Amino acid sequence: MIHVFLDDLRPCPKGFVVARTAEECVTLLMECDVGVLSLDYELGPDSPNGMAVVESMIVHGRFPREVYVHSSSPMGKARMLKALRDAAPPGTVVHDGPMPEAVRRAVAEGTWQEGQRPEGREERT
């Protein structure tokens with residue numbers, strides 16, 4: 001299982017596979033079992049955005065265990081969250097916002113487990 005971080009600019013957290021384009025992210029989702037996916041919306045001028053990844057996930061039925069939408073674009077974030085929440089199968093958790101430090105640390109240390117929740121933090125769906 002891999003964990004994927006989609007962003008054209010931000011540094012990739014330790015333990016994640018970086019995807020700098022929507023196409024790279026879709027390829028990883030189609031070819032790999034993904035535990036945690038963190039999505040940005042804006043991926044550069046004249047490039048497909050994070051919504052293209054969400055649409056591909058829906059069309060192909062390929063969802064990770066958890067999705068964090070870390071985008072700073074309010075409109076893009078809202079569109080992705082609505083589409084994900086409407087289409088995500090049972091067992092896929094969709095979070096509004098960036099990954100908490102506990103999740104980043106668990107992935108980096110190789111201790112992330114499906115369904116675990118960081119202590120002292122309620123699930124945001």
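Two strands count as paired once DSSP finds at least two bridges between them. In this predicted model, strands β4 and β5 clear that bar, with four bridges between them. β4 covers residues 66–69 and β5 covers residues 93–96, and the two run in the parallel sense. One of the bridges can be pinned to its residues: glutamate 66 has valine 93 in β5 as its bridge partner. Getting from β4 to β5 takes the chain through helix α3, residues 74–87. The resulting β-α-β crossover is right-handed.

Stepping back to the whole protein chain, there are five strands to go with four helices. Along the sequence these elements come in the order β-β-α-β-α-β-α-β-α. The radius of gyration works out at 13 Å, close to the 14 Å that the globule rule gives for 125 residues, so the protein chain is as compact as a globular protein of that length. As for outer dimensions, a box of roughly 40 × 30 × 30 Å, laid along the principal axes, is what the C-alpha atoms fill.

Burial and contacts fill in the rest of the picture. Of the 125 residues in the protein chain, 43% come out as buried, the cut-off here being under 20% relative accessible area. The accessible surface adds up to about 6500 Å², and carbon and sulfur atoms hold 50% of that. Turning to contacts between residues at least 6 apart in sequence, 67% of them link residues at least 24 apart.

Methods:
Residues are numbered from 1 along each chain as its sequence is written. This is a predicted model: local features need pLDDT of at least 70, side-chain atom pairs count only at pLDDT 80 or more; totals for chains, interfaces and linings use all residues. Side-chain values use heavy atoms; hydrogens and water are left out. A crossover is right-handed if, with the strands pointing away from the viewer, the path from the first strand over the helix to the second runs clockwise. The radius of gyration is taken over C-alpha atoms; the globule rule is 2.2 Å times the number of residues to the power 0.38. Buried means under 20% relative accessible area, exposed over 50%, partly exposed in between (1.4 Å probe, protein chains only). Contact means heavy atoms within 4.5 Å. Accessible areas come from the Shrake-Rupley method with a 1.4 Å probe; for residues, only the protein chains shown count as cover.
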